[in-house]
Structure formats: structure tokens, C-alpha cells
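Reader: I am new to this structure. Please take one part of it, the pairs of oppositely charged side chains, describe that closely, and explain the terms as they come up.

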Amino acid sequence: MESLRPRVLLITLGIGLVIALAPTPFPHALVEPVQAGLTSLQAGRPDLALQEFEHALTLEPTLPGLHLRSAQAALQAGEDERAQAHLGELSAQTEETTCLWAGVSIALEEWMPAVQLLDSSPVSCPAQLAQLQEAIDGLILTGDHTAAIPLLEVMARLQPGWSQIRLGWLYAVREPERALSHLSLAAELDPQTADQTKQMVEVIEAARTAGDSAYSLAQVGQSLARAGEWSLAAEAFSNALAIRPDYTEARAYLGLALDQMGKDGLAHLEQSAAEAPESALPQVLLGRHWWTRGDPTRALEAFEQAAALAPDDPLIAVDLAAAYASAGDLISAKASYIYAAELESNDPFYWKRLSQFSLDHDIEVESLGLPAARQAVMLSPGDASALDLLGFSHYLLGNWNLAGRFLERAIQADDQSASSHYHLGLLNLVLGDLAAGRQALQAAVLLDEGGRVGTLARRSLENLGLR
């Protein structure tokens, strides 16, 4: 009985609100449908609540409280036009009706009326503001930047920090210098994005000295691409090409951005490769295009051309090595990974890639994988992934104590590493500690649910009957 009291109290209060908004004495015949409607709302069935409230309105069509609750239920049920009709029956505007009106506009994708309503209202509607932010981010993500800018100009009065950084991005891909004031203000208002906005300001100011607007836009595009803002990057590259159609580098990056957006950048990539046959960049991006589309033969051909054009680029050597490995040519893959590591011998990234290749394919673990992992740790002692590789190398070689030591250090450096937990789980199982092994493998599954490591950990648990 105690658990029923909160719901009964809410229903009673709801009926009381309807009564309070009634212009005449409350008809007792309405109690049953109003109570049923409020109960349905509490149960998460706004469709049933709407039926009950509208039935009550047939008995008392002018009752404001019923129209208010009907609008609320209709909006929750996705009946946007019915919500709009019920709100239209209300003459008095309250905080709740203002937020509901905004919610209806949002549901009908009438973004500007919703923004203007909230901007002119003295009340706060946090739920509707959050919906608008999500909608505007959706416009930016899909490339509808023309629609997003005026909305953000108004939203800047409601959510200044959030709006200013987005205005900065959108202006940066069109008129980079106009973005500077917005980005600078965003850095002041939102410390969490200050580093990112300041970097963009530096990119724009550095590019401005060249006096080339196409170059400035391309630099902005590359900065946004590094941040993973592919839709914005694509617009920046497109605008650079509109100014200078023969800008081969911008065209190649546009192809990459389109690929990353789930579109097809092949035409731009092929055109840039044809326009600049001596440039490695189009070939690299062509290789990555074919790689992501499951065509390792074409990817390998493009990477080989890129490596011939830029033999001293270690990143191209790594791409080429991965393509060789995928094609089953492990000898060439090994040579390319070693070449990349030797080119950048002070960068742990390349030693980690060499070690990972050795461990993945069980190739010369003692003479190749282990020394490469050791070198990566020497260059970056706190790098969790390097420690994990070193620990797993020792595991494969049967050096249990060293394996445990480095795997524990890897988890201390990054307790969210699914790979480290997985490898520690395998080690504990070998050492006969089933409880610790199960715990570590379960952690790997949770940290990489559906991923490669998580799947391997799950299979280990299932094979041993430890799930």
C-alpha cells in the first residue's frame, strides 16, 4: 500500500490542477476520465491519456486544465497537430504552456518559431532547449549549415557558450576571418573547448598571412578533419574549390571527408590523382577509400604508388604494411613495418605497430615483437598500449611474472583498456586463478562489447564455461 501513495498523490494533484483551472464548478462526471487519463500518463501511455482527456472534453469543452493536459498527452504521443489544437484553446499563457508551445514547434520541425519563442519568454524550458540543441547539431552533421546559422544567432542569447563555438565553426568554413570573434568568445565562455577553439584561431590567423582565401579554407578544413568534424570539413574544402577549382589537395581531402561522412568521395579522389600524378596524397586517400570498402587489391595498388612517390613517409609505409598483411604477404608486411619504425625511430607509434603485427601473426615474437614493444615502452613509459604489448609478448613467450607485471602496469595506466584486461585474464587462467581470470575477461567484454577484443574475451569465457 505504501508504494501506491506517491502515484495516488500525483493523480489527486493533477485533478486538483484541472479543477483550479475550471471557470465553473467542476462536474463530477469528469472525475473518472480525468483520473484515468492521469493514471495513463503516469504509466507511460500518453495515447490512452489523450483518449480519456478528449472524452472528458466532450462533457466540458471549455475547461482549460483539460486542454492543457490533452496538449501534454498529445505531444508525448506524437500527435503534434492535436497538441497544437488544444494549446490554441488556451487564452492564458503560463510557463507550462510556453514550454509546450515550444515543444510542438520542435516536433513539427519549425525550429525558428521555437527558438524565437524561448528567446522572448521569461520562463526557462530546459527540456526544449536541449531538444533544439540536438536538432541544430543534426543540421550541422547533415551539412544543412545555411539553416543552422540563423538559429544559432538567436540561440547565442540562450546558450552562449554552446552556440558561439558552433557559429565559429560554421563561419570558419565560409568566411574564416568572420569566425575569429565567435571562436575567441567561445574560448572565454566554455573552458572545456578553449584548447580546440584557440587552435582554430591560430590556424585561421596563420593562413590569413598568405592572403589566399582558398588556402585559408583548406587549412580550416584540415583542422576540422583532425577533430573529426567531417561535415564541416567537407564544406570548407568545397568552398576552397569554388574559389580555386584546380586546388588538387583540397579536392583530395574533400573526397576523404565525403568517405568519412558515409558518402562516396571516389570521383574527387580519382580526379585529384589524375590532376597530380606526382603527388602521394591522392594515392594514399584512394588506398584508404578502397580499404574501407573491402577491396584490398586496389588499396594495395594505391599504397604502392604512394610509397613510390613518397618513400620517406612512415605513415604510408604503415598503410602499405597493413595492406600487405591483409593480402597474406606477411614477408612484405614485416619489411614495411620495420622500415616505418626505422624511419621514425623515436616515435613509439611505429614500434607499437611493428610489435602488434608480430603478436597478431605470431611472427618472431621473441626477436621482433618483444624488442619492438620494449622500445615503445622505453620511448613512452606510461603508454598503456605499449605496456600491454610488452606484457602480452612475455605471456606468449611463457614469461609469466614479467607478463603479469607489465599487464598490471598497463591497467594502472588505463583501466579502460579492454585489451589489457583480456590479456591479464588469459594469464590468470594459465596460472590457475579461475576467479581472477573470469573477472578480467568479463571486464574486457564490458569494455569492448561487440568489438574484436570483447568478442575474443566472451569466447574464452564460453569455452571454459565461466560465464
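Author: A residue is called buried under 20% relative accessible area, exposed over 50% and partly exposed in between (1.4 Å probe, protein chains only). The model is predicted, so local features need a pLDDT of at least 70 and side-chain atom pairs a pLDDT of 80 or more, while totals for chains, interfaces and linings use all residues. Residues are numbered from 1 along each chain as its sequence is written, and side-chain values use heavy atoms, without hydrogens or water.

Side chains of opposite charge can pair when their charged atoms come close. The structure holds 12 salt bridges (a side-chain nitrogen of Lys or Arg within 4 Å of a carboxyl oxygen of Asp or Glu). Three of them are described here, taken in sequence order.

One salt bridge joins Arg 157 to Asp 119, with 2.8 Å between the closest N and O atoms. Arg 157 sits in the loop between helix H9 (145–155) and helix H10 (160–172), whereas Asp 119 belongs to helix H7 (residues 111–120), so this pair links parts of the chain that are 38 residues apart in sequence. Helices are DSSP runs (H or I, at least four residues), numbered from the N terminus. Arg 157 counts as exposed because its relative accessibility is 57%, while Asp 119, at 27%, is partly exposed.

The next salt bridge is formed by the side chains of Arg 208 and Glu 177, with an N to O distance of 3.8 Å. Here Arg 208 lies in helix H12 (residues 194–208) and Glu 177 in helix H11 (residues 176–189), so the pair ties together parts that are 31 residues apart in sequence. The relative accessibility of Arg 208 is 36%, which means that Arg 208 counts as partly exposed.

The remaining salt bridge of the three links Asp 319 and Arg 288, and the closest N and O atoms are 2.8 Å apart. Asp 319 is in helix H19 (residues 314–326) and Arg 288 is in helix H17, so the two tied parts are 31 residues apart in sequence. Asp 319 has a relative accessibility of 17% and therefore counts as buried, whereas its partner Arg 288, at 34%, is partly exposed.

Helix H17, the helix that carries Arg 288, also packs against another helix. H17 (residues 280–292) and helix H18 (residues 296–309) meet at an angle of about 160°, with their axes 8 Å apart. H17 is therefore roughly antiparallel to H18, a term for angles over 145 degrees. Axes are lines fitted to C-alpha atoms, for helices over the stretch in contact, and angles run from 0 to 180 degrees between N-to-C directions.

Further along the chain, another helix pair can be set beside this one. The axes of helix H22 (residues 365–379) and helix H23 (residues 384–396) come within 8 Å and cross at roughly 155°, so H22 and H23 are roughly antiparallel too. In the loop between helix H21 (348–361) and H22 lies Asp 362, a residue other than glycine with a positive phi near 55°. Asp 362 counts as exposed, at 61% relative accessibility. Glu 364 is found in the loop between H21 and H22, and its phi is also positive, at about 50°, although Glu 364 is not a glycine. With a relative accessible area of 37%, Glu 364 is partly exposed.

Notes: Angles under 35 degrees count as roughly parallel, over 145 as roughly antiparallel, 65 to 115 as roughly perpendicular and the rest as oblique.
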